[in-house]
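Welcome! Open the structure in your viewer, and let's walk through it one selection at a time.

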Amino acid sequence: MRFWGLRLETNQLDLFSLSEISSAPTTRTPVLLMDEKTLTQWKSQITIHQQQVRASKPTQQATLFQMPSAHVDPDVIDPFNLSPCSLSFYRLPTDNPGEACLYFVIDIAANLLLYIGETCKSNKRWKGVHDCKQYIENYLDLHYRYELKTAVNIAFWWDAPTKTRSRQRLELALIQKWKSPFNKENWKLWGQPFG
């Protein structure tokens with residue numbers, strides 16, 4: 001580097017004191033991975049819960065007064081009955097930003113609902129940064145490591161409310177019902193092994 005005709009030698013380590021340099025960690029914290037047995041058990045527990053939800057009939061609460069029904073009843077939506085799409089759907093050319101919807105990330109090979117989300121612009125939501133993309137990538141990498149079959153897709157529910165608050169309430173009711181492991185609301189229950 002030159003300064004007023006003088007040549008100055010600089011080094012990035014000059015920015016820190018000798019004590020700061022010597023106390024800096026020299027190794028990274030190792031990343032712990034689930035072993036194959038633990039991964040299989042983790043998936044099995046969630047699948048058992050979700051299949052019990054599918055098999056059980058929702059309880060009907062009797063009322064004395066006629067109550068207005070919600071736009072969509074969460075007990076009517078079965079993500080496993082929706083048509084799956086590729087996770088790269090958002091790369092397809094389109095002229096519009098999309099519609100309001102709920103979306104479900106499902107590993108069809110394991111019959112496992114991984115994530116539930118909502119958006120007002122279905123074609124835009126996944127184009128940017130989305131934490132779930134990283135969870136899916138880590139999930140797939142672990143399956144490849146152990147040579148386990150997986151088929152992660154996305155499915156859409158197009159009858160979602162257009163009003164954000166109503167859509168978010170419906171999303172939360174579904175997250176609580178299905179206990180999807182990639183949604184932060186369920187991390188205490190299933191852990192966060194892919195985050």
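**Stop one: where two helices meet**

Start by selecting L39, W42 and K43 in α2, then add Y139, L142 and H143 in α3: these two sets of residues are in contact. Colour them by class and you will find 4 nonpolar, 1 polar and 1 charged. Keep in mind as you look around that this is a predicted model.

Now show the whole of both helices, residues 36-55 for α2 and residues 131-145 for α3. Their axes come within 11 Å and cross at roughly 125°. Angles between 115 and 145 degrees count as oblique, which means that α2 is oblique to α3. Turn the view until one helix lies over the other, and you are looking at a left-handed crossing.

**Stop two: an enclosed space**

How many cavities of 30 Å³ or more are there? The count is 1, and the volume of this cavity is about 40 Å³.

To see what surrounds the cavity, select W42, Y135, P181, F182, W187, G191, Q192, P193, F194 and G195. This lining has 7 nonpolar and 3 polar residues, with no charged ones. You have met W42 already: this residue of α2 is in the helix contact and also lines the cavity.

Terms used:
Residues numbered from 1 in each chain as written. Predicted model: local features only at pLDDT ≥ 70, side-chain atom pairs only at ≥ 80, totals over all residues. Heavy atoms only, no water. 1 Å grid on protein atoms, 1.4 Å probe; cavity = no way out; pocket = protein on both sides within 12 Å on 5 of 7 lines; lining within 4 Å. Points joined across faces, edges and corners; volume = space filled by probe spheres on them. Nonpolar A, V, L, I, M, F, W, Y, C, P; charged D, E, K, R; others polar. Axes fitted to C-alpha atoms, helices over the stretch in contact; angles between N-to-C directions. Helix = DSSP H or I, 4+ residues; strand = E, 2+ residues; numbered from the N terminus. Parallel < 35°, antiparallel > 145°, perpendicular 65-115°, else oblique. Left-handed = near helix turned anticlockwise from the far one by under 90°. Contact = heavy atoms within 4.5 Å.
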